[in-house]
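The following exercises are to be worked with the sequence and the coordinates at hand. Each task is followed by a solution in steps.

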Number of protein chains: 2
Amino acid sequence: MSQPIDFYFDFYSPYGCLASLQVDKIAARHHRTVNWIPFMLGAVFKVEGMTPLTDIPLVGPYSRHDFSRSARLINADFEFPDDFPKAALAPSRAYYWLLDRDPTTAHMLAQKVYHAIFVEQRDGSDPNLVAELAQPLGVNREELLAAVQEPAIKQRLKTETERAIERGVCGSPFFFVDDEPFWGNDRLWQIDKWLESGGW
Amino acid sequence: MSQPIDFYFDFYSPYGCLASLQVDKIAARHHRTVNWIPFMLGAVFKVEGMTPLTDIPLVGPYSRHDFSRSARLINADFEFPDDFPKAALAPSRAYYWLLDRDPTTAHMLAQKVYHAIFVEQRDGSDPNLVAELAQPLGVNREELLAAVQEPAIKQRLKTETERAIERGVCGSPFFFVDDEPFWGNDRLWQIDKWLESGGW
């Protein structure tokens, strides 16, 4: 059995959102699955001394233009949130809490969170929103709200973020294909090619 | 007649080097020519508060890995220079000096400079190297060495760099296709697609 692709992302990463719409399909073409691994991009930025792209002079206007263009390229609905970026602690923690109970539900919740932030312009940092999105998936609201405050779940997200940094994850989205690192939504075609050809 | 593609690059940009090996061919497929426009990436970094990728924690090791992988993908010889980065004033000035006299020679010199830096591990900041590379193209050594010290030529490079910043050039390589901006060697396939489809 081939190794799953590791897909590292932050829920407030526009390119992470766009990658989330494509990575499963690319993997499936090559009979692979995908480990979705949310992490806190802010912690990576701290190590790097970086800020979000949109805050960097010159890069800011370009990246906003490119987010929309990259979305159009894959026929995805996308609107840049007014309140960007926020710390996606609640959905990331909820994801890990669910992951151990029911990976399919965790995956569906992650997709709904991205949609809520980048299509519906909702506040992805709000635990109540995450609970609301999870409810139709059969997740108890109160249980989720309690879970995202649990020390063990908080620690899980920290640990995954530390592990990401140890592995050299330098942005979002970031992928490992059989330990080969790829950074960026615009590298998905290379992942496809890598899987097709066995690397170069 | 279609507009040429503007190709902005810094001579010490690894991704600029890799793009330089591909952009003319992509343009030619669509009956376009390319304006090669060297600029000083350091001036852009100053506006952005940025540093070279290789100096950024986490991004540094990834980018070095990716330079080589990106080169292999296009079967290009490439070796990351030990003395990276340097200020490419001499080749950039020599380029503009030649451009007004003989654009073909200027273009050939630019290709030779990139080869000298990223294949032959030579010092691309050294005016003597630039003069040596230009000599087989029929360029007089002493004239070139004098030209790169001329105030008008120095100013030309400054003006082109300022113009790049005004246009929103936020890195190297950077392209304009009918005023549509594209940043990065890894976006060349999108330029190809844009020219093919008329945009999206």
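**Exercise 1. Determine in which sense strand 1 and strand 3 of chain A pair, and follow the pairing on to strand 4.**

Solution. The model is predicted.

Step 1. Strand 1 (residues 5-9) of chain A pairs with strand 3 of chain A in the antiparallel sense, over three bridges. Within this pairing, A:Tyr8 has A:Phe174 of strand 3 as its bridge partner.

Step 2. Strand 3 of chain A is also joined to strand 4 of chain A, by four bridges, and these two strands run antiparallel. Here A:Val177 has A:Glu180 of strand 4 as its bridge partner.

Step 3. The hairpin of strands 3 and 4 of chain A has two residues between the strands, and A:Asp178 takes a positive phi near 50° there. In the loop between the two strands lies A:Asp179, whose phi is near 70°, a positive value in a residue other than glycine. A:Asp179 is exposed, with 8 other C-beta atoms within 10 Å.

**Exercise 2. Which residues of strand 3 of chain A are buried on each side?**

Solution. Step 1. In a regular strand, side chains alternate between the two faces of the sheet.

Step 2. Strand 3 (residues 174-177) of chain A has A:Phe174 and A:Phe176 on one side, and A:Phe175 and A:Val177 on the other.

Step 3. These four residues are all buried, and both faces of the strand are thus covered.

**Exercise 3. State the strand order of the open sheet in chain B and identify its edge strands.**

Solution. Step 1. The sheet has four strands in the order 2-1-3-4, with mixed pairing.

Step 2. Strand 2 (34-38) and strand 4 (180-183) of chain B are the edge strands, since each pairs on one side only. From one strand to the next, the twist averages 20°.

Step 3. Strand 1 (residues 5-9) and strand 2 of chain B pair in the parallel sense over five bridges; B:Ile5 stands opposite B:Val34 of strand 2.

**Exercise 4. Locate the cis peptide bonds that precede B:Pro85 and B:Pro173.**

Solution. Step 1. The bond from B:Phe84 to B:Pro85 is cis, with omega near -15°. B:Pro85 is in the loop between helix 4 (59-73) and helix 5 (89-101) of chain B.

Step 2. The bond joining B:Ser172 and B:Pro173 is cis, with omega about 0°. B:Pro173 is in the loop between helix 9 (151-166) and strand 3 (174-177) of chain B.

**Exercise 5. Which residues touch the most other members of the largest nonpolar core?**

Solution. Step 1. This core has 60 residues, and B:Ala94, B:Leu109 and B:Val113 touch the most other members. Helix 6 (residues 103-118) of chain B gives the most to the core, with eight residues.

Step 2. Leaving aside residues up to four places away in sequence, B:Leu109 touches B:Ala94, B:Tyr95, B:Leu98, B:Leu133, B:Ala134 and B:Leu137.

Step 3. A second, separate core of 59 residues includes A:Phe7, A:Val113, A:Ile191 and B:Val59.

**Exercise 6. Describe the relation between chains A and B and the contact they form.**

Solution. Step 1. A turn of 180° with a shift of 0.0 Å along the axis lays chain A on chain B with an RMSD of 0.0 Å. That is the relation of a two-fold axis. In chain A, A:Asp186 comes closest to the rotation axis, at 3.6 Å (C-alpha).

Step 2. The contact takes 22 residues from each of chain A and chain B. Helix 4 of chain A gives the most to the side of chain A that touches chain B, with six residues. By class, this side has 16 nonpolar, two polar and four charged residues.

Step 3. Because 100% of the interface residues of chain A are also interface residues in chain B, the copies meet through the same surface.

Note on methods:
Residues numbered from 1 in each chain as written. Chains lettered and ligands numbered in written order. Predicted model: local features only at pLDDT ≥ 70, side-chain atom pairs only at ≥ 80, totals over all residues. Contact = placed C-beta atoms within 7 Å. Nonpolar A, V, L, I, M, F, W, Y, C, P; charged D, E, K, R; others polar. Core = buried A, V, L, I, M, F, W, Y, C linked by C-beta atoms within 7 Å. Buried ≥ 20, exposed ≤ 12 C-beta atoms within 10 Å, placed from the backbone. Least-squares fit on C-alpha atoms with pLDDT ≥ 70 in both. Pairing = 2+ DSSP bridges. Axes fitted to C-alpha atoms, helices over the stretch in contact; angles between N-to-C directions.
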